[in-house]
Each structure stands twice: as structure tokens, then as C-alpha cells.
Amino acid sequence: FSLMRLIELIASERPLGEEASHQMMSILRRQHGFNQVPRFLGYNPFAAELGEAQSFWIGNKTGSMPGVRADTGAIEVPGDQMLVYGVMTQGSNDTGFTGENEGEITNGLVGRILVEHWWPEGFASGQIGIDSPHLRRLSK
């Protein structure tokens, strides 16, 4: 989890200073890999450009190999709270790179559970997510 610790240091502007930290988080926020932890969060990385409201932001870095999926990042939620996470699946029988890879779905479900648990009190989970058959299976 040293990568998760690095994300935490960058997000908290230590030890590199505010400007360098902002530049690094800006790069992480432009990541295009939203198929893991952000998968079921209803996140739109282009909301600002489209003039849409986005109540939270995500800066992350994903990685994949056959049978392995990893995602580490930070999610800023209302009230200037930051969730820093690191998730990984390994040894999956699904060694493909399709959109419905079981490792990506598993990491997405973990991400949804983390955000629902740590989201500031009073914020309805329906506001943060999208519906999916995978989520309905989880709630049974």
C-alpha cells in the first residue's frame, strides 16, 4: 500500500508543497481509467467542461495484467473530506480485458461500498451512483 500512501501525501500537499501536489493531482484527475473503483459512482470527469455539477472528484491510477486489476486514488467528497484508497484483485480466472472483467467489477463494488460507508452523513447513496445488475446482486 505504498502507492496509496503516496496518493495520500500528494493529496495532503506533503512533502512536495502545494504547487507540485496540485499539478500531480491534476494529472490523476485526468485519468481515463474509470472502469474500476469509479465504475458504479456515476462520476463524470468532464462535468466542468460540459457545465454540469459534479459533487465529488476522483484522481486515480489503474493497472492491469491478465488476472490482476489494481486501482489507487483519492475521492474528494462534500465537506472537503478525502477518501484515499487502494484496491487490487489477483488470481482471477478472467484473464481478459473486456469491459465486464470480474476484477474490474469487484474493485468497482468495493469502491461503491467504501464511498457509501464514508460519505458525509445525510448524503443519499442514490446521488453518487449508477444502477447495475452487479449492485443489485450485492444488495441481496
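Start by selecting Val-87, which is buried, with a relative accessible area of 12%. Here buried means under 20% relative accessible area, exposed means over 50%, and partly exposed is in between, with a 1.4 Å probe and protein chains only. Before you go on, note that this is a predicted model, where local features need pLDDT of at least 70, side-chain atom pairs count only at pLDDT 80 or more, and totals for chains, interfaces and linings use all residues. Residues are numbered from 1 along each chain as its sequence is written, and side-chain values use heavy atoms, with hydrogens and water left out.

**Stop 1: around Val-87**

Val-87 sits in strand 3, residues 81–89. Helices (H or I, at least four residues) and strands (E, at least two) are DSSP runs, numbered from the N terminus. Now show what touches Val-87. Apart from neighbours within four places in sequence, Val-87 is in contact with Val-37, Arg-69, Ala-70, Asp-71, Asn-107 and Val-110. Contact means heavy atoms within 4.5 Å. Keep Arg-69 and Val-110 in mind, for both come back later in the tour. Next, add Met-4: its C-alpha atom is 9.2 Å from that of Val-87, though the two are 83 residues apart along the chain.

**Stop 2: the whole chain**

Zoom out and colour by secondary structure. You will find five helices and three strands, in the order α-α-α-β-β-β-α-α from the N terminus on. Of the 140 residues in the chain, 38% are buried. Among contacts between residues at least 6 apart in sequence, 52% join residues at least 24 apart. The accessible surface comes to about 8200 Å², and 55% of that belongs to carbon and sulfur atoms. Such areas come from the Shrake-Rupley method with a 1.4 Å probe; for residues, only the protein chains shown count as cover.

**Stop 3: helix 2**

Select residues 18–29. This is helix 2, whose 12 residues reach 16 Å from the first C-alpha to the last, close to the 16 Å expected at 1.5 Å a residue. The expected span is 1.5 Å times one less than the number of residues.

Which residues of helix 2 are buried? They are Ser-21, Met-25 and Leu-28. These three cover an arc of only 55° around the axis, which puts them on the same side of helix 2. The arc is that of the directions from the helix axis to the C-beta atoms. An α-helix has 3.6 residues a turn, so residues three or four places apart point the same way.

Show helix 1 (2–11), strand 1 (57–65) and strand 2 (68–77) as well, since these are included in what covers the buried residues of helix 2. Then turn to the face away from the buried side, where you will meet the exposed residues Glu-19 and Ile-27.

**Stop 4: charged pairs**

A search of the whole structure finds five salt bridges. A salt bridge is a side-chain nitrogen of Lys or Arg within 4 Å of a carboxyl oxygen of Asp or Glu.

Select Arg-39 and Glu-104, whose side chains meet in a salt bridge at 3.9 Å, N to O. Arg-39 lies in the loop between helix 2 and helix 3 (47–50) and Glu-104 in helix 4, so the pair ties together parts that are 65 residues apart in sequence. Both Arg-39 and Glu-104 are buried.

Now add Arg-69, which also forms a salt bridge with Glu-104, at 3.0 Å, N to O. This pair links distant parts of the chain, with Glu-104 in helix 4 and Arg-69 in strand 2, 35 residues apart. Arg-69 counts as buried at 1% relative accessibility.

Move along to Arg-112 and Glu-116, joined by a salt bridge of 2.8 Å, N to O. Being four residues apart in helix 4, Arg-112 and Glu-116 are separated by about one helical turn. Arg-112 is buried at 9%, while Glu-116 counts as partly exposed at 38%. Finally, select Arg-39, Arg-69, Glu-100 and Glu-104 together: salt bridges that share partners join them into one network.

**Stop 5: a nonpolar patch**

Switch on the surface and select Val-110, Leu-114 and Trp-118, which make a nonpolar surface patch of about 260 Å². Patches are made of residues with over 30% relative accessible area and no salt bridge: like charges are joined within 9 Å, nonpolar side chains (Val, Leu, Ile, Met, Phe, Trp, Tyr) within 5 Å. Leu-114 is in helix 4, residues 102–118, and counts as partly exposed at 31% relative accessibility. Val-110 is in helix 4 too, and is partly exposed at 32%. To finish, add Pro-38: its C-alpha atom is 9.8 Å from that of Val-110, with their places 72 residues apart along the chain.
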